[in-house]
Amino acid sequence: MAVWLWMLTEARRLGQRGVWWYIAGSILIGVSTFVPLFLAHREVVRARCGEGREGADLSTGDWAGMALVLAVALGYTAHSFGVALPGL
């Protein structure tokens with residue numbers, strides 16, 4: 001609950017949109033997946049606002065790596081639920 005409160009206040013402070021998707025995802029899939037995604041999005045917003053460090057922009061390779069990690073995590077989660085809940 002504390003991390004969700006921090007995510008909301010940080011998103012409001014930076015004017016970051018879509019924070020509720022990260023909160024819903026952390027509830028449905030896992031905090032360890034969606035908090036890092038929130039933090040990556042936060043850094044993008046900070047860089048656009050001029051608040052971030054210089055050279056901290058995420059490259060295309062960074063985004064591709066995050067997409068791969070997310071796909072693996074989602075696939076593993078779906079597989080786990082399929083094994084744990086037969087017939088679902």
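Buried means a relative accessible area under 20%, and exposed means over 50%. The model worked on here is predicted.

**Exercise 1. Sort three aromatic residues by burial**

Task: Which of the classes buried, partly exposed and exposed fits Y22, F38 and W6?

Solution.
- Step 1. Take Y22. Its relative accessible area is 16%. The cut-off is under 20%. Y22 is therefore buried.
- Step 2. Take F38. The value is 0%, so F38 is buried.
- Step 3. Take W6. Relative accessibility is 33%, so W6 counts as partly exposed.

**Exercise 2. Classify the ring pairs**

Task: How many aromatic pairs does the structure hold, and what geometry does the pair of W6 and F38 have?

Solution.
- Step 1. Count the pairs. There are two.
- Step 2. Take W6 and F38. The ring centres are 5.5 Å apart and the planes meet at 80°. Planes over 60 degrees apart count as edge-to-face, so this pair is edge-to-face.
- Step 3. Place the pair in the chain. W6 belongs to helix α1 (residues 2-14) and F38 to helix α3 (residues 31-49). The pair therefore ties together parts 32 residues apart in sequence.
- Step 4. Turn to Y22 and F38. This aromatic pair is edge-to-face, with 5.8 Å centre to centre and 75° between the planes.
- Step 5. Place this pair too. Y22 sits in helix α2 (residues 19-28) and F38 in helix α3, 16 residues apart.
- Step 6. Combine. Ring pairs join W6, Y22 and F38 in a cluster.

**Exercise 3. Orient α2 against α3**

Task: Are α2 and α3 roughly parallel or roughly antiparallel, and which residues make the contact?

Solution.
- Step 1. Read the geometry. The helices pack at an angle of about 160°, and their axes are 7 Å apart.
- Step 2. Apply the cut-off. Angles over 145 degrees count as roughly antiparallel, so α2 and α3 are roughly antiparallel.
- Step 3. Add the handedness. α2 passes α3 in a left-handed crossing.
- Step 4. List the contact. From α2 come V19, W21, Y22, G25 and S26; from α3 come V31, F34, L37, F38 and H41.
- Step 5. Sort by character. The contact of α2 with α3 has seven nonpolar residues, three polar and no charged.

**Exercise 4. Orient α1 against α3**

Task: Are α1 and α3 roughly parallel or roughly antiparallel, and how do the residues of their contact divide into nonpolar, polar and charged?

Solution.
- Step 1. Read the geometry. The angle is about 20°, with axes 11 Å apart.
- Step 2. Apply the cut-off. Angles under 35 degrees count as roughly parallel, so α1 and α3 are roughly parallel.
- Step 3. Add the handedness. α1 passes α3 in a left-handed crossing.
- Step 4. List the contact. V3, W6, M7, E10, A11 and L14 of α1 meet V35, F38, L39, R42, V45, R46 and C49 of α3.
- Step 5. Sort by character. The contact of α1 with α3 has ten nonpolar residues, no polar and three charged.

**Exercise 5. Describe R42**

Task: Where is R42 found, and is R42 buried or exposed?

Solution.
- Step 1. Locate R42. Helix α3 holds this residue.
- Step 2. Check burial. The relative accessible area is 15%, so R42 is buried.
- Step 3. Find the partners. Neighbours within four places in sequence aside, R42 contacts W6, E10, L14 and Q16.

**Exercise 6. Step back to the chain**

Task: What pattern does the chain follow?

Solution.
- Step 1. Count the elements. The chain has four helices and zero strands.
- Step 2. Read along the sequence. The pattern is α-α-α-α.
- Step 3. Add burial. Of the 88 residues, 26% count as buried.

Note on methods. Residues numbered from 1 in each chain as written. Predicted model: local features only at pLDDT ≥ 70, side-chain atom pairs only at ≥ 80, totals over all residues. Heavy atoms only, no water. Phe/Tyr/Trp six-rings, centres within 6.5 Å; stacked < 30°, edge-to-face > 60°. Helix = DSSP H or I, 4+ residues; strand = E, 2+ residues; numbered from the N terminus. Buried < 20%, exposed > 50% of the residue type's maximum accessible area, 1.4 Å probe, protein only. Axes fitted to C-alpha atoms, helices over the stretch in contact; angles between N-to-C directions. Parallel < 35°, antiparallel > 145°, perpendicular 65-115°, else oblique. Left-handed = near helix turned anticlockwise from the far one by under 90°. Contact = heavy atoms within 4.5 Å. Nonpolar A, V, L, I, M, F, W, Y, C, P; charged D, E, K, R; others polar.
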